[in-house]
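Q: Please take a close look at one strand and its pairing partners in this model, and then set that part beside other elements of the chain. A connected account would be appreciated.

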Amino acid sequence: MDTSMLNTFITRCEGILNLLGNATPEDKREGACTIVQKARKDLERIKQHGDPPEITVTVFGESGSGKSSLLNALLDQPSLLPTAGMGRACTSVVIKIEENKTSSDFEADIEFLAEEEWKKEIDVLKRDLGQNDGDNDEDAGVYDEAHAKVAAVYGDFEPENLDTLLNDDTDTAEMLGTVMKLRDSSVRTLQDKIRTYSETNEEERQFWPIVKQVVLKVPDSGLCRSGVKLVDLPGVGDSNPARDNVARKYMETCDVLLIVTKIQRAVDNKTVKNALGDKLFRQLLMDHTKTVLACTHTDDVNPKDVIRKLKLPQKEEWTELGRRYKKQEQDLQQQLEDLKRSKQEDPGNETMESSLYQQLERLRTKQGQFKREKTSTCAVQRNEFVRNTIQNKSSSQLDYPRDLKVFCVSSSDYIKLGNLLTCDDDDDDKPPVFQSTEETEIPGLRTYLQGIVFEMQKKHRMSLQNDFQGIIAGVLMYLMNSKRGRKDREEELIRHLETLRVEEKSIIKELDSYLQSSCLAPLDATLKDATQEGIRQAKPTVELWARPVNKRRREHGGLHSNTYKATVRRMGTFISTGIRYIIDMNHDLADPFVQILSQTWTRLFGESEWVQTVESQIKEPASIAITRCIDAIMKFLGDSDSTLLKDLTRLKTDTLAKLTRLDSLWEKTIERQQREITHGITYFIKEQMKSTYEQCMQEEGLGAFNRMKLTMAGRTERMKSAMFHQLQKKITESLDQLKDGFIREATQILEDVFEDTEKQIMPLWQTLDGTNVLETLIKCEGLIQTLSEEFAEYKDGLHELDGQQRSSSLKRQHDDIPPSPMPEAKLVRLEK
């Protein structure tokens with residue numbers, strides 16, 4: 001709903017309510033004031049929720065998958081995110097991209113770690129630097145990575161001088177706990193400024209280790225302007241707890257997970273599972289997160305391989321055409337050679353030679369065009385094959401995301417075909433493979449993401465309109481019924497309304513019983529099985545970490561000593577470039593529990609199951625109760641007043657329509673809460689294991705590694721039963737809270753709907769007299785009737801968002817906005 005128009009309607013409605021409230025005599029205000037207060041409360045709710053919803057798209061993919069290029073293409077900004085030279089450590093920096101709503105400049109908010117957060121990490125890095133005794137690349141890598149991280153911030157140093165260095169560097173200390181604000185009219189200039197805070201560059205001082213996240217604010221972006229926020233999430237499991245918490249929070253709360261992988265690796269039907277890893281994949285299924293797969297580098301195609309693998313029907317035609325072109329080229333070459341020999345005898349054949357060269361040039365142009373069209377066709381056909389393969393497999397597998405969307409994209413071809421490169425941008429001079437921007441599927445992916453937010457905004461707009469319409473209809477019905485009041489109706493009408501309230505309580509009671517028996521009871525047995533599996537697998541899990549290293553199959557072998565120690569120092573989580581995957585001991589311990597739990601959880605907490613629960617357990621019985629109540633009242637009143645019966649029929653229709661408010665119950669009370677429960681499992685294990693990690697860290701000297709492994713095994717063995725039983729209890733309590741929250745919200749909605757019905761019926765037994773009161777009622781009725789008609793006309797005039805809003809964002813050239821003076825970067829101290 002248009003904000004300015006909404007505010008106009010609200011202001012006029014408030015004026016009518018003020019007029020109505022002030023005109024009613026104090027001893028007669030019971031009905032009038034309640035309807036006025038209720039309408040004012042509903043208007044306030046509309047104002048508070050008037051902003052259109054936005055969605056967060058979290059982008060996940062391994063290094064080199066093309067995430068940055070994809071984001072640049074989606075935003076029509078080739079230079080926004082660096083696409084080359086990204087170092088290992090920038091995988092720890094979350095970059096959030098959103099619309100700049102206040103300026104036409106590009107802005108960056110760089111949030112630094114708090115002083116205490118950085119101090120804790122430094123303490124861990126000091127201990128890493130004290131272990132340079134590894135006899136293999138992985139163990140030595142722990143020292144090397146710690147040294148590189150500290151050197152990035154403070155420059156070259158010797159470990160024994162680190163404390164002095166930390167005390168002397170006041171510049172870095174001043175940045176901790178602040179947000180640095182940068183801005184520029186040029187996206188390339190801004191990117192140059194933030195490289196220091198997001199990339200690794202050994203030639204100059206860098207600050208990425210002390211950065212928690214970077215928020216980029218982009219002007220003139222169609223995608224962001226439509227309500228899409230993008231989060232470049234290079235990975236979760238960062239060794240720094242603060243950055244890890246940022247990354248995990250985005251994973252927990254995102255509306256869409258966009259997984260990016262190269263198309264060359266996407267033909268396997270387990271692409272999504274392989275990209276995320278087994279543990280994160282299970283979490284995705286339990287979350288019911290809307291999932292999109294983007295297969296990148298589709299312009300990297302070998303036509304011969306595609307023709308052979310896909311058995312393309314054009315093969316014979318292309319082969320014949322290729323032979324024909326080759327034969328024509330050979331004939332022309334032969335004619336040229338013959339002509340050159342004959343020129344020695346007859347020098348006057350220059351014209352013939354020129355003609356042959358021109359023919360050869362035209363032929364080679366046709367050959368080039370033929371090859372490009374063949375390559376393009378092969379790329380498009382491979383895209384369709386990969387997409388269909390993945391989607392067909394996902395639809396047939398129970399343990400796979402439902403309605404998985406797959407886009408096969410070429411960011412580089414989109415940028416070239418869209419003429420988005422400027423003279424300052426790097427260009428590989430390689431001609432595009434695809435024939436149009438649409439074939440690159442970047443516009444299709446963008447439109448899909450916009451479509452999600454457009455549907456949410458449409459639903460939101462319709463909800464606001466319906467709520468406002470309900471306020472108008474309620475006040476109008478009250479005003480009309482106020483002129484019909486008769487005291488002799490009171491007893492009978494109150495009896496029917498009390499019956500409605502009794503049925504409301506019955507509905508809630510039955511709902512509670514249903515949720516307990518049909519939704520939560522199945523989880524009780526599953527939780528018991530999951531608890532036993534967690535206990536049973538704890539010992540072999542701990543033993544796996546202590547095994548000899550299996551370099552060929554890392555998941556089947558243990559950890560080197562320094563890596564083991566580095567993981568323990570970080571409370572069970574460590575990322576090492578030496579082994580190229582995340583070590584998460586807490587996740588390892590929790591995963592057997594989660595595997596069992598997910599089998600029931602994924603089924604019970606799907607949106608469709610809860611939508612059906614709302615329909616069958618709340619909306620249907622509530623509709624029956626409302627219909628029964630109003631029909632009984634109409635029967636009691638008889639047919640003496642046809643206009644009144646007509647109004648009561650409309651009241652019944654309007655009241656039943658208000659039950660659509662229940663449709664938001666899953667989003668309000670289930671979706672986020674159930675994610676919080678499942679994401680909290682690993683956090684709970686981490687807290688329980690904290691004392692064990694601390695005990696292991698105390699082992700020093702000769703044989704410390706073996707003692708550490710024994711301590712880990714012994715303490716885990718002693719605490720595993722209590723740990724998983726406490727986890728079971730915690731989840732059970734959380735589920736009870738989830739159920740209570742669902743019932744509480746459902747009760748509130750029913751309360752509002754049934755209360756609306758009461759407020760419309762109440763004037764039928766109340767009598768308002770006095771010339772001033774009646775005149776005011778008539779005046780208010782006229783005003784609210786006019787407002788109702790104008791609002792209905794406004795709704796009829798609304799059209800769907802036009803195609804331009806769904807199309808690609810407008811291209812922003814570097815000279816669209818005149819240059820302005822570059823303000824100095826500002827540091828804003830965060831409140832503690």
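A: In this predicted model, strand S3 (residues 106-112) and strand S4 (residues 178-184) run antiparallel and are joined by six bridges. Six bridges also join S3 to strand S5 (residues 211-218), again in an antiparallel arrangement. S3 is thus a strand with bridges to S4 and to S5.

Individual bridge partners show how these pairings are set in register. Phe-106 of S3 has Asp-184 as its bridge partner in S4. Further along S3, Asp-109 stands opposite Lys-181 in S4, and Asp-109 also stands opposite Val-215 in S5. Asp-109 can therefore serve as a reference position when the two pairings are inspected, with Lys-181 given as its counterpart in S4 under the definition that strands pair through bridges.

The burial of S3 may be considered next. The strand is mostly covered, with seven of its seven residues buried. Its side chains divide between two directions: Phe-106, Ala-108, Ile-110 and Phe-112 point one way, while Glu-107, Asp-109 and Glu-111 point the other way, and all are buried. Asp-109, the residue opposite Val-215 in S5, belongs to the group that also holds Glu-107 and Glu-111. Phe-106, the partner of Asp-184, belongs to the group with Ala-108, Ile-110 and Phe-112. S4 is likewise mostly covered, and five of its seven residues are buried.

The chain beyond S5 can be followed from here. The loop between S5 and helix H9 (222-225) contains Asp-220. The phi of Asp-220 is near 55°, a positive value in a residue other than glycine. Asp-220 counts as partly exposed because its relative accessibility is 39%. Another loop, between helix H19 (561-569) and strand S10 (573-576), holds Met-571. Met-571 also has a positive phi, of about 55°, although it is not a glycine. Met-571 has a relative accessibility of 17% and so counts as buried.

Several helices complete the picture. Helix H5 (residues 137-154) contains Gly-141, which counts as buried because its relative accessibility is 13%. Gly-141 and Asp-128 are 13 residues apart along the chain, and their C-alpha atoms are separated by 9.9 Å. Helix H10 (residues 241-253) has 13 residues and reaches 18 Å from its first C-alpha to its last, close to the 18 Å expected at 1.5 Å a residue. Buried residues of H10 include Arg-243, Asp-244, Arg-248 and Glu-252, together with Val-246, Tyr-250 and Met-251. Leu-339 lies in helix H14 (residues 315-342), and its relative accessible area of 9% is why it is classed as buried. Leu-339 and Met-352 are 13 residues apart in sequence, with 8.2 Å between their C-alpha atoms.

Finally, a helix pair may be compared with the strand pairings. Helix H18 (residues 490-546) and helix H21 (residues 607-637) pack at an angle of about 165°, and their axes are 10 Å apart. That angle makes H18 roughly antiparallel to H21, since angles over 145 degrees count as roughly antiparallel. The crossing of H18 and H21 is right-handed. By class, the contact of H18 with H21 has 18 nonpolar, three polar and three charged residues.

How values were computed. Residues are numbered from 1 along each chain as its sequence is written. This is a predicted model: local features need pLDDT of at least 70, side-chain atom pairs count only at pLDDT 80 or more; totals for chains, interfaces and linings use all residues. Side-chain values use heavy atoms; hydrogens and water are left out. Helices (H or I, at least four residues) and strands (E, at least two) are DSSP runs, numbered from the N terminus. The expected span of a helix is 1.5 Å times one less than its number of residues. Buried means under 20% relative accessible area, exposed over 50%, partly exposed in between (1.4 Å probe, protein chains only). Axes are lines fitted to C-alpha atoms, for helices over the stretch in contact, and angles run from 0 to 180 degrees between N-to-C directions. Angles under 35 degrees count as roughly parallel, over 145 as roughly antiparallel, 65 to 115 as roughly perpendicular and the rest as oblique. A crossing is left-handed if the near helix is turned anticlockwise from the far one by less than a right angle, and right-handed if clockwise. Ala, Val, Leu, Ile, Met, Phe, Trp, Tyr, Cys and Pro count as nonpolar, Asp, Glu, Lys and Arg as charged, and the others, Gly among them, as polar.
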